[in-house]
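User: Please take one part of this model and examine it closely. I would like a connected account that begins with a single charged side chain and follows its surroundings outward.

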Amino acid sequence: IPVPADRDLFGDRLPNGSFTGALGRLVRREADIVFTGFFIKDYFARDVEFTAGLYSDAVCCLVRKASRIPEALLPLYIFPGDIWALLGVLGLACGSVWALLRWCVRHIKPPVGGLWSRRHRLAVLFNLPRSLRAAGPVRQTVQLYVDSFILLVSAPYLRFTRSGVERLFLTGLLLVSLIFVSLYTSGLAAVFVNPLYYPDIGTLQQLDESGMAIPVKYRGFLDDVFAVNYSRLMDSLRGRMQHLPAKESMLARVARLGNIATVTRKTTLALDNAIYLTTRQLHMVPECPRTYNLAYVMPHRSPFGEQFNKVLLRMVGGGLVDHWVEEVRYDWTLRDWRVARRMMESNFKVLTVLDMQFAFYVLAIGLTVSMAVIGAELVHFHRAHRGEGHGVNVLLRK
């Protein structure tokens, strides 16, 4: 004869020593067994006992999924930060090697001839522009570093050196740049099709550093999740927990607010709450603080206890319990399949102008800087030639 559950569900111990929910029904002998998985632990109820163990389950923490990276910043997240730093170091190293090779070409085998002839031949050998032929060694060395970065990112480069030694070195640099640019191009197409998110909370230490409160709907979670006097981290997280008997689902509350966390059973999350993970509303912290064995509960010294355990052990040995769990998970998956399919289809999209914000921003910044430089050059040119014009007029008057 099935007995419907009351609003307290699992039940809890009241200050007067009585129990509510399923525990209360068992203590009062209103039920012979509760077919709801209970953690095998001390509930301070001496009038109940557990059946044979059925399966194990972990208690995990949930937070809201990190926000999506804006389309304008996606090109910067193609490679991690250490790869970008390595690219910068590689450019500086290539510039240093190029400067060393040029110094060797200049001094080890100097060309025969006078000073003008030597300078002219070196300028032709290195294919230097007119602005660099009369410049000092510091200015020419800085230009080598700039050219190294230009070649490393496969940007257009016109004045290629005529020195055979430098050409061998730059050939290897161009091969490296070809690999880097190919990876960047393929990654650029991938990040616009597959959404990227900021890093999620991956450990309990990060959860503690976030400072989030951890409200729970069931009072029993206050003692079930984080061990007492196990470590400072566990004590800190345990201190953040609070009982919040709200009518709203705690998972929906976490997804809506985003500044709190909660805890739940891993199996429950995979069954009736999987939609939160499928729609990328919540994220489960991979580091689960505790794992429990679960069993059903019946009154102490129940006359049916031996028969219950025989049947349950046969079901566990035959794999029926795991089979039923998988069947329920499959049914829930079918129920949420439309939402999951829409989420998978949303990963494939046609690129629009909004997805190209980064390129437009870079173009706008480049045009603005170039216009400012051209304006400064025009002002400088106008001032310089205006002074020369006044000097000519004075000379004619004299």
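Analyst: **The Lys65 salt bridge and its surroundings**

In this predicted model, Lys65 counts as partly exposed, with a relative accessibility of 22%. Its partner Asp200 is also partly exposed, at 21%. The two side chains meet in a salt bridge, with 2.8 Å from N to O. This pair links distant parts of the chain, 135 residues apart: Lys65 belongs to the loop between strand 3 and helix 2 (81-107), and Asp200 to the loop between helix 6 (164-193) and helix 7. Both values fall in the partly exposed class because that class begins at 20% relative accessible area, below which a residue counts as buried.

Strand 3 and helix 7, two of the elements that flank these loops, lead into the interior. The largest nonpolar core has 33 residues, and Leu204, Leu207, Ile214, Phe221, Phe226, Met241 and Val263 are those with the most contacts inside it. At least two residues of this core come from each of several elements, namely helix 1 (21-27), strand 1 (34-39), strand 3, helix 7 (204-210), strand 4 (214-216), helix 9 (232-240) and strand 8. Leu207 illustrates how these parts meet: neighbours within four places in sequence aside, it is in contact with Cys61, Val63, Ile201, Met212, Ile214, Leu237 and Ala261. A second core, separate from this one, has 17 residues, among them Ile78, Ala99, Leu173 and Phe192. In soluble globular proteins, nonpolar side chains tend to be buried together.

Strand 3 also takes part in a covalent link. The structure holds one disulfide, which joins Cys60 to Cys288 with an S to S distance of 1.9 Å. The link is right-handed, with 90 degrees about the S-S bond. Because Cys60 lies in strand 3 (residues 55-64) and Cys288 in the loop between strand 7 (282-284) and strand 8 (290-299), the pair ties together parts that are 228 residues apart in sequence. The two ends of the disulfide differ in accessibility: Cys60 is buried at 1%, whereas Cys288 is partly exposed at 23%. Cys61, by contrast, is in no disulfide, and the nearest cysteine sulfur, that of Cys60, is 7.4 Å away. That distance rules out a disulfide for this pair, because the sulfur atoms would have to be within 2.5 Å. Cys61 is itself buried, at 0% relative accessibility, and it is one of the contacts of Leu207.

Helix 7 carries a further charged pair. The side chains of Arg240 and Asp208 form a salt bridge, 3.2 Å from N to O. With Arg240 in helix 9 and Asp208 in helix 7, this bridge ties together parts that are 32 residues apart in sequence. Asp208 is buried, at 14% relative accessibility, while Arg240 is partly exposed, at 24%. Helix 7 and helix 9 are among the elements that each supply at least two residues of the largest nonpolar core.

These bridges belong to a wider set, since the structure holds 10 salt bridges. One further bridge joins the side chains of Arg28 and Glu30, at 2.9 Å from N to O. Arg28 is partly exposed, with a relative accessible area of 45%, and Glu30 is partly exposed too, at 41%. Arg29 lies in the loop between helix 1 and strand 1. Although Arg29 is not a glycine, its phi is positive, at about 60 degrees. Arg29 counts as exposed, at 52% relative accessibility.

The whole chain supplies the setting for this region. It has 16 helices and eight strands, and buried residues make up 31% of its 398 residues. Among contacts between residues at least 6 apart in sequence, 74% join residues at least 24 apart. The Lys65–Asp200 bridge and the Cys60–Cys288 disulfide, with separations of 135 residues and 228 residues, are two individual links between parts of the chain that lie apart in sequence.

How values were computed
Residues numbered from 1 in each chain as written. Predicted model: local features only at pLDDT ≥ 70, side-chain atom pairs only at ≥ 80, totals over all residues. Heavy atoms only, no water. Helix = DSSP H or I, 4+ residues; strand = E, 2+ residues; numbered from the N terminus. Buried < 20%, exposed > 50% of the residue type's maximum accessible area, 1.4 Å probe, protein only. Core = buried A, V, L, I, M, F, W, Y, C linked by side-chain atoms within 4.5 Å. Contact = heavy atoms within 4.5 Å. Salt bridge = Lys/Arg side-chain N within 4 Å of Asp/Glu carboxyl O.
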